[in-house]
Structure formats: structure tokens, C-alpha cells
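Please keep the sequence and the 3D view open while you read this note. The points below are short, and each one can be checked in the viewer.

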Amino acid sequence: MSDSGSSGGGRSSRGGRGDDSDGLPVGRRTLALVVLLAVGAVVLWLARPLLHGVVYAVYSTPVAVLALVGAVVVYALLARRNLGEILTQQGITGADGVGVPIQGAIVAFVLLFLVLSVPAGYLAGEKLGKRTLQESETVDALAESDANNPRIVPQSVATRFASNTLNFPQYRIGGSDVTVYNGTPHWSYPLSPDGTFNYFTKRQHGTVLVDMTEKSARVRTVEGDLDRGIGTAFYNNYRWKLLRQGQYLVNYQDPFMVVHEDTQYIAVPYTKPNFHWTPLPHTTPEWGGVALVHQDGTIEDLSPSQARDHEALADQRLYPFELTRRSVAATKYRNGIVNTFTSHEGEIEVAPVPGEGNDQPFTVMSTDGLDYVVAVEPYGEAQGLREVWTVDARTGEYERFAVEESLLGPRKATDFVRQAARTTDWDRFDPSEPIPVVVDGTFYWEVRVVPNDSSGISYLAFVNAETSDVVEVETTREVEAFMRGEARGPGDGGGGPGGPSDRAPTVVVQRVAANGTVISEMEVYGNESVRIVQGNQTGN
């Protein structure tokens, strides 16, 4: 009896001191929990760039709010019925009055989130598509192409040019993008560390620029380490710093290099969600601005108007590529969501185009400036041209050219290139990146024919989208002459496939590297001659 009384007194004494069932003071347990939560919060804050994808996905999917409300309701119902005790009474072990309601709430949240996300996604697509149509301007004709800045070199060939001329053993070229350098569009590549050791110890070393308006390899390398670059370890990486010091709840797009007065920058357009709450919560993307990362790691967060006025971004494209493609593709909902599952009346799709890893929109220079172009076809098996969208790459203003007559689409245009070239071995060559070109009001598809290994450009073909006539040209000067309207094919008022004979060179001299890459090219005309002088080699 004394043992029982002593034991009961002990329990009462511990309870009087505020101990819990484990014998730890409640105050210490609470303090430990607070410290643990504080440490966890600090770790999450420091590592927030790693969590950005998940956080932004939840933030930009407001249907999660409905799913959370549903989960709370399920938890309340289960807790009210005390389901855990009922299961325990029935002999189901491991159930308690708290665990079962929490588990039920989690299951309810996941199911509701998945079920509601599907219709919310369709509503977002319809909203974006109809907004794009409403805010776009319908035009009767496309702007004339800029003959002084033709887009000649496709992405795959530019990548090969950049790799072939690279002479930095510790670095490699990163992903390509389009930038404007000295008024001329170029393919740009970051010089990123190559190899595991260099990845963790070195910064981005510079930028490689490939002139896309010249058929031959015209490559320039701008050297200089960037404090925060592309393709580096996180502590030297632009994105890590953006997500720590820039805006967090935005969607950063692909970065591209900018070289202004021999100073390098990384420009990162971004979008932000626009919230809509009826009939289901959903968001649509809109252009938020451009983050500009300086060579010393300084970050400028620029609104669209500030970006257009920034000296370093003069003449550069600013509007996000992915937003352009997504907005144009969403116009398939112009006749409603149900129509895309039933009759498909008036439905469109972005035309698939051949090209090694590159897709629409394409960046081109027109007489109006720098534009994105997107060609769309009717839904289904049809390959005719339905619309051509042009987007001002600096302002994001949309124009829609609706095709009233029968015109070839980009895929069919490449078929006519194959048919016209009777001597081309199509097992070794491929048509690449058909882009729209307008010359004197006539619509053409400019198709580059490249070897399978993308080692260069064999020739270019212009396909008349109305008549299907094909004009083949081989040199940069012939491309420019065609785009000025000085050399066009039969039916266009020109002098045949090569254009007028007085415009065509009699000899084309190419300087070729050991690996077969054309380094430079010189055209010789009828009243000119070629002189080859052998240089003297002297040893040191």
C-alpha cells in the first residue's frame, strides 16, 4: 500500500512540475520545438531556390485553395465522428483520433487537386487564347523582310560552327539563343565550365557569337568571367542569385547573352500569373519584365517599359519566347473548349517544322524591326497555311495575318524542296527551319538544306507559298539579292532558278577548315579575277 501511495505521489509530483509523459519538462519540450521550427525555417529560406519549382507551381495553381478547403472539411467531419476510436474499438490497431482525420484530409486534398486541375487548365487555355485574339491586330499583309539581315544559319549549324572554332580546353558552349550584336542578329552561347572539377571551381568565361546572316562560319568570342553565369555551380550561377535577390514568385524564362560595348550581360525575361477566380480559380501568364544580370553579378529588375529604355538592351528581343508560342497555340479555343473535342470548327495548331531541336517561334528581322513569327495550320492532317502570327519582340504586340487563299504550309514547302532538288542525296541532307519571307508582297518559305551532321549549309531554297515554285541559291549575296527582289524564280518576274545571270557569281572561293567547316567565303564575278599568293612560313 505504501508502494502504491509512493508511486501515486511521484506521478502527482511530476505532473505538478509540468512534466509530460516522457519525463521532459513541458517548457523544455516547447523550447526545443520552437528552436527546431526556427532552424527549419532558416534552412528552407536559404535553400528557397531549390524549392522554387514546387512553390511557383502551387502558387500559380489557385485551385489548390479549393482543394485545401475540401481537405479541411473532410478533417473536421472525420474528427467530429471520432473515427479513430471507432476503428480501435473494432480491433483495428494503429488507429487513433488524430491520425485518421489527418490521413483522410491529405487524401482528399490530393484527389480534389487532381480532379479540379484538369477543368481549370482548360479554362486557363481558353482565357489566354481569347485574350490573345482580342488584343491582337488583324492585318491584310505581312511586313517585308529585311534583306540586309536575312536569317540564314539554322540553330544546329550555328552550334556546330561555335564548337568547331572553340579553343578553350576548360570550357564548353552552353545552350543557344538569339541576340543582337552591333545591329546584326547572332546566335549566342555562354562559355560554361567543362568537367566536374571546372564546374565547381570556375565561372562562365565569356560569350560565343555566331552571325546568323552569313552562310559561312563567322564566329566571335567575347572573353571575360561573369560573377554569376550560366552552366556553373549554384554559388556562381545567375539563377540562384535571381531567386535569392530578385522576384521569387515569377516564372523566369530561358536566359540569353547580351554584349553591349564589350560588356556582357545575361537577360532573363519572366512571366507572372494573372489570377482569375470564376468559374474555377485559375491563372494565365503575362509578361512581367526582364531581369538583367550584370557581369559583376548586380541584378536589375526591369519592367517591360524600363527594359525597352535600357541602353544595354537596345534592339534586343525582350518578350518571352514561350509566352508567344503558348498564347498563339491557345487560340485553338476560339470557338470554345467543347469544340476542341467535337467538331474542331476553326481550330488551329502551331505547325510542326523540321529542325534539330529548334521550333517556332522564329526570330526574324523585318522592315518593322525584330519580330517573332509563328505559322499555324488547320487542326488535323491538313498542311496548308491558316494564319501567320507576328509578335513585336520588344513590345509584345500581336498581329494576325489570316490566309484567305490557298497557301502552302511549312511542312509541305519542304516536300517541294525535296522534289525540286533532283540530285540531292536526301539520305545525307535534311531541310531545316522553314521561315516565312515576304519579298515585294509575295510570301515565300525560306528553307535551309543542311547535312545530317549539321556541318554547314549546302544551299537555301525559297518556295513560293502560292505557286510552289522553288528557287535555289547558294551564297549569302544571292540570298540578299533574292530578298531585295533582284533575283526571283519563274512566275515571279525573275530570270529563272538562279535569277538574272549578271547577278550570279562566276566563281565562289571557300576557305575550308580541316574538319570541313566553311570558315569564310568570297564571291568572284564576271569582270573580276582571283589571285592566289602562297605565304612564306618562317620558324621561330
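1. Start with N236. Is this residue buried or exposed? N236 has a relative accessibility of 7%. The cut-off for buried is under 20%, so N236 counts as buried. This is a predicted model, and the accessibility is a computed value. N236 sits in a loop, the one between β6 and α9 (238-245).

2. What does N236 touch? Leave aside residues up to four places away in sequence. The contacts of N236 are then K202, R203, D227, R228 and G229. Select these five in the viewer along with N236.

3. Next, look at the strand β5, residues 204-211. How many of its residues are buried? The count is eight of eight, and the strand is described as mostly covered.

4. β5 has a partner in β4, residues 184-193. The two strands run antiparallel and share six bridges. One pair to find is S188 with its bridge partner L209, which belongs to β5.

5. β5 also pairs with β6, residues 219-226. Again the sense is antiparallel, with six bridges. Here Q204 stands opposite L226 of β6. While you have these strands on screen, recall a general point. In a regular strand, side chains point alternately to one face of the sheet and the other.

6. Now move to the hairpin of β10 and β11. β10 covers residues 282-293, and β11 covers residues 299-302. They pair in the antiparallel sense over four bridges. V293 faces I299 of β11. Five residues lie between the two strands. One residue to check in this hairpin is G297, which takes a positive phi near 95°.

7. Then the largest pocket. Its volume is about 590 Å³. Which residues lie closest to its centre? They are S176, D177, D254, R317 and F321, out of 32 lining residues. Five elements should be highlighted for the lining: β3 (177-181), β4, β8 (256-260), α11 (321-329) and β13 (362-366) each give two or more residues. β4 gives the most, with four residues. The lining of this pocket has twelve nonpolar, twelve polar and eight charged residues.

8. Cavities come next. How many of 30 Å³ or more does a search of the whole structure find? The search finds two. The second largest cavity has a volume of about 40 Å³. Its lining is made of N149, P150, R151, P185, M212, T363, V364, M365 and L370. β13 supplies the largest share of that lining, three residues. By class, six of the lining residues are nonpolar, two are polar and one is charged.

9. Last, check the confidence. The mean pLDDT of the protein chain is 86. A pLDDT of 70 or more is reached by 83% of the residues. Two stretches deserve a mark in your notes. Residues 4-16 have pLDDT below 50, and this stretch has one contact in the model beyond near neighbours in sequence. Residues 493-503 also have pLDDT below 50. That stretch has 18 contacts in the model, again beyond near neighbours in sequence.

Notes:
Residues are numbered from 1 along each chain as its sequence is written. This is a predicted model: local features need pLDDT of at least 70, side-chain atom pairs count only at pLDDT 80 or more; totals for chains, interfaces and linings use all residues. Side-chain values use heavy atoms; hydrogens and water are left out. pLDDT is the predictor's confidence in each residue, from 0 to 100. Contact means heavy atoms within 4.5 Å. Two strands pair if DSSP finds at least two bridges between them. Buried means under 20% relative accessible area, exposed over 50%, partly exposed in between (1.4 Å probe, protein chains only). On a 1 Å grid over the protein atoms alone, a cavity is a set of points where a 1.4 Å probe fits but cannot get out, and a pocket is an open set with protein on both sides within 12 Å along at least five of seven lines; lining residues have an atom within 4 Å of a point. Grid points are joined across faces, edges and corners, and a volume is the space filled by probe spheres set on the points. Ala, Val, Leu, Ile, Met, Phe, Trp, Tyr, Cys and Pro count as nonpolar, Asp, Glu, Lys and Arg as charged, and the others, Gly among them, as polar.
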